[in-house]
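Hi there,

Here is the structure I said I would pass along. Have a look at it first, and then read on for what turned up.

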Amino acid sequence: MLQVRPGLYLGGAAAVAEPGLLRRAGVTAVLTVDSEEPDFQVDGLQRLFVPALDKPETDLLSHLDRCVDFVGRARAEGRAVLVHWMNEGFEWQLKLYQVMGCEVDTSSAIYKQYRLQKVTEKYPELQNLPQEFFATDPTTISEGLKDEVLYKCRKCRRSLFRSSSILGHNEGSGPIAFVHKRKTAPITPVTGSQAQCTSYFVEPVRWMEPALLGVMDGQLLCPKCSAKLGSFNWYGEQCSCGRWITPAFQIHKNRVDEMKMLPALGSQTRKLGMCDT
C-alpha cells in the first residue's frame, strides 16, 4: 500500500486482503475498481465499488466523476482513503481526466475521440453500434448553439455536420512526418510553420451510418448528391499536418462550405466571408 499524499493511499489486492493493514494506516474509506467486490471485514468502513475488468482497455473514464466525488467527500470528513486499482490503462485515462479539468466533459473533443476508440474495442465487427455513438444529423434539428458553424456540401448545399462535431488535434510535424511513406527522404527538412490541415476530422454523424457498419475503411459520400466528401478508417488516417488520428472520419475542407448560424434565427444561415475572419 503506497501513500501518495497524506490521507490517500494506492494499493492492490494485498492491501484490501489485510484488514489490520488498513486499521494501522487509519483507512476508513475504500474505493475499489475491480471485476469482483472484495469481502471486507472492517467495521465502519465506507466503500464504493466500481465493477470493471482489470484491463488497460476498460472504460474507467466514464466513472471518474463518481469516484472523485467519493474520495473528496471522504477526505472532507477527515477519513483516510485507499484507492484499490493498479492498471496502466487507468493511469492514461486519469491523465485525460486531468486535461479535461478533472471533470468528464462529454462535449469535449478529447472525450469524443476517447469514446470512439472504446467503441471500436467493444464492437470489433462494427455492427449494431449504439445510436448515441452518432452525432445528430443537422437536417433533423432547426436550431444551433450560439456562434456555431454549420458545414454544407459545396455541390448540393445539404447540411452535413456542425462545428461541435469537429475533433480538433495538435498539428503534426508537417511533410517530414510522411518520410516513412516516401522511397527517398527529402533533401532538406521542413522548417518554419507547420503544414495546414486540409481536412476536418469529425465524430460520426448519423447520415454516415450505412457506410460505416461492417467495414474498416471507405469513402464518405454526400447523402443527397453522392459527391465525394472524404474518407474513413477505423484503424486511423494521417492528417495532412502529419498527425495520426484513430479512428478517422475526415471531410476535405474543399468539399464543404462554412455557414454561420444566426443567433436570433436558428434555422437561418449565412456563408462566411472575408469580413468574418
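Which residue in S13 is the bridge partner of serine 231? It is glutamine 250. Please keep in mind that this is a predicted model.

That pair belongs to the contact between S13 and strand S10 (residues 228-233), where 4 bridges join the two strands and the direction is antiparallel. Another pair in S13 is alanine 248, whose bridge partner is asparagine 233.

S13 also pairs with strand S8 (residues 199-201), again antiparallel, through 3 bridges. Here tyrosine 200 stands opposite isoleucine 251 of S13. As a general reminder, strands of a sheet pair through backbone hydrogen bonds, either parallel or antiparallel.

Put together, these strands form part of an open sheet of 4 strands with antiparallel pairing, in the order S8-S13-S10-S9. S8 and strand S9 (217-221) are the edge strands; each has a single partner strand, so one side of each lacks a neighbour in the sheet. From one strand to the next, the twist averages 25°.

How many of the 5 residues of strand S13 (residues 248-252) are buried? The count is 4, so the strand is largely enclosed by the rest of the structure.

Now to a helix. H5 covers residues 109-122, and because its 14 residues at 1.5 Å each should span 20 Å, the 20 Å between its end C-alpha atoms agrees with what is expected. Several H5 residues are buried, including Tyr111, Tyr114, Leu116 and Val119. Lys112 and Lys118 of H5 are buried too, as is Gln113.

Happy exploring, and all the best!

Methods
Residues are numbered from 1 along each chain as its sequence is written. This is a predicted model: local features need pLDDT of at least 70, side-chain atom pairs count only at pLDDT 80 or more; totals for chains, interfaces and linings use all residues. Side-chain values use heavy atoms; hydrogens and water are left out. The expected span of a helix is 1.5 Å times one less than its number of residues. Buried means under 20% relative accessible area, exposed over 50%, partly exposed in between (1.4 Å probe, protein chains only). Two strands pair if DSSP finds at least two bridges between them. Axes are lines fitted to C-alpha atoms, for helices over the stretch in contact, and angles run from 0 to 180 degrees between N-to-C directions.
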